[in-house]
Amino acid sequence: MPIVAQSTETTDWVSRFADEVIEESERRAPGKPVVVASGLSPSGPIHLGNLREVMTPHLVADEIRRRGHQVRHLISWDDYDRYRKVPAGVPGVDESWSEHIGKPLTSVPAPKGSAHPNWAEHFKAAMTASLAELGVEFDGISQTGQYTSGVYREQILHAMRHRADIDAILAQYRTKKAPAKKQQQKPVDEAELEAAEGSGAAAEDDGSSGAAGYFPYKPYCGNCEKDLTTVTAYDDDSTELTYACTACGFSETVRLNEFNRGKLVWKVDWPMRWAYEGVIFEPSGVDHSSPGSSFQVGGQIVGIFGGKQPIGPMYAFVGISGMAKMSSSKGGVPTPADALQIMEPQLLRWLYARRRPNQSFKIAFDQEIQRLYDEWDRLDAKVADGSALPADAAAHSRAVGTASGELPRTSRPLPYRTLASVADITAGHEDQALRILSELDPSDPLGSLDEARPRYDKAEAWINTHVPADQRTIVRAEPDAELLKSLDERDRQSLRLLLDGLADNWSLDGLTHLVYGVPKVQAGFSADATPKELPAEIKTAQRSFFALLYHLLVGRDTGPRLPTLLLAVGQERVRSLLGE
């Protein structure tokens, strides 16, 4: 069932941008679909910083759809960009790929073992699958297809005729480069993932400048396929273009009105596409705030093509916590697929929806993911009972679905931290996991593990891929006889109180009440006494009691939440390990 726009007035950033984009679209292109755009370069794994390049216009486009307007979200795959370097940490890739530097990404072989025909398609496929899981609808445009089929021929010839005008604009921002400062590399789990400027072209040159003058067009060599070429002559009337390749020495003369093996340089290519596609809204990374950035320069160059610069908010970086523990992307940065392995699409959408584009945020791959899930579940409950603030309710609505309908969700969304603890303790034994989860609430037992999926699978994947082996929970095989023998009478009494209450409190809520209640009862208070009614020493006694239980059950000071751990171990084994 389609999700419609909420009647409650909201002040969330998505609604504000949607208002502005609709108004601007009606002014520029009345009666036509609203066009929003993103640009992605499949030059390697497309990371979670790049995802902001997609999610920002996606959320705005979806809000526009909810209001009944037609809208197109274009994703330009910059697969005709040059292959710049061999990325580190990509399976099936070695330094032999360096021989392809300078070729179009679609002319570079895919990593070994890939089922895809080339480098670009290999990385596009992974991102496309993630976007489908996230509910992102888009029209994909291959720039290889656009350029090699001649779609942009008139735009290229137009740029060549106006090369002096383009050169004059670019000259305003050309300055002497300062010596590069040596920077200390941050560890990946502290790094901020910057979404690149479309094709990541901050390092791309402005065009071909030689004895023949400036040209905003780069041919790919007819011999070695690389873009290490210089235009040495061009005639506007005949469109005859001569170029020479500095890589292999090849040169040739072609007619540009028939030639489809080259492209406009990035700072000209991007504004050309704004004009060609009629883009109303496209965000860009914070790197565009600097003078001479592609977005700023493009705002002037787009007029040469008869277009206008899109509304373009700058968005902040996306941080990552816990990447040091990752096993799935060694040497690299995390991708949407990595995030979706451990979290449901709704949570990942919410992280992008709840923050304004100019606000940075972190995506957790460490223990913080449990807190994020707790926060999400609390919001879910507030939305259900109508107590959520309007902006929070709007972000929730954008997270759980799109104008086309709700995303698939877990039918029984049990707490993520509980599922992670169960997955940790049971180590892949689904029958044991179902037994424990069924005992969480005896009045409404879980009938099948499928009811807790996909959240259970995400939690299990997090345990298996992001929790170091020395932090995994291994229940003792035998009682710790030496520790049990050394206990004083107070510790023995606390264990007796716990064991006496096990049978009557064998549920998640019951065991929670029991384990917190034992130190209270020992101190002469009621097990139901609230923290306000208790002296501060009770908290110290509780911590000592918990540490004792962890040592007797798993041989460590800490572990999963004790009620979950007790359920996982089972009554009979708990009694044995606690010395009954």
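This short talk goes from the protein as a whole to one pair of helices and then to two single residues.

Good morning, everyone; please keep in mind throughout that what we are looking at is a predicted model. Taken as a whole, the protein has a secondary structure of 21 helices and 17 strands, and of its 580 residues, 52% are buried. If we consider the contacts in the protein with a separation of 6 or more, 72% of them are accounted for by residues that are 24 or more positions apart.

Let me turn now to one pair of helices. Two packed helices are described by the angle between their axes and by the distance between the axes. For helix 7, which covers residues 266-277, and helix 8, which covers residues 294-301, the angle is about 60° and the axes are 9 Å apart. What do we call such an arrangement of helix 7 and helix 8: parallel or oblique? Since roughly perpendicular begins at 65 degrees and roughly parallel ends under 35, helix 7 and helix 8 are therefore oblique to each other. The crossing in which helix 7 passes helix 8 is right-handed. On the side of helix 7, the contact is made by Trp266, Lys267, Val268, Trp270, Pro271 and Trp274, while helix 8 contributes Ser294, Phe295, Gly298, Gly299 and Ile301. Sorted by character, the residues of this contact of helix 7 with helix 8 are 7 nonpolar, 3 polar and 1 charged.

One of those residues deserves a slower look, namely proline 271, which lies in helix 7. Is proline 271 buried or exposed? Its relative accessible area is 0%, and buried means under 20%, so proline 271 counts as buried. Once its neighbours within four places in sequence are left aside, proline 271 is in contact with Trp266, Gly298, Ile301 and Val302. The C-alpha atom of proline 271 is also separated by 8.5 Å from that of glutamine 300, although these two residues are 29 residues apart along the chain.

My last residue is aspartate 62, which is found in helix 2, residues 48-66. Aspartate 62 has a relative accessible area of 3%, and it is therefore buried as well. Which residues does aspartate 62 touch, leaving aside its neighbours within four places in sequence? They are Gly401, Thr402 and Ala403. For the last of these we can be more specific, as a polar atom of the side chain of aspartate 62 lies 2.7 Å from the backbone nitrogen of alanine 403.

Thank you for listening.

Note on methods. Residues numbered from 1 in each chain as written. Predicted model: local features only at pLDDT ≥ 70, side-chain atom pairs only at ≥ 80, totals over all residues. Heavy atoms only, no water. Axes fitted to C-alpha atoms, helices over the stretch in contact; angles between N-to-C directions. Helix = DSSP H or I, 4+ residues; strand = E, 2+ residues; numbered from the N terminus. Parallel < 35°, antiparallel > 145°, perpendicular 65-115°, else oblique. Left-handed = near helix turned anticlockwise from the far one by under 90°. Contact = heavy atoms within 4.5 Å. Nonpolar A, V, L, I, M, F, W, Y, C, P; charged D, E, K, R; others polar. Buried < 20%, exposed > 50% of the residue type's maximum accessible area, 1.4 Å probe, protein only. Polar contact = N/O pair within 3.5 Å; in protein donor to acceptor, adjacent residues only side chain to side chain.
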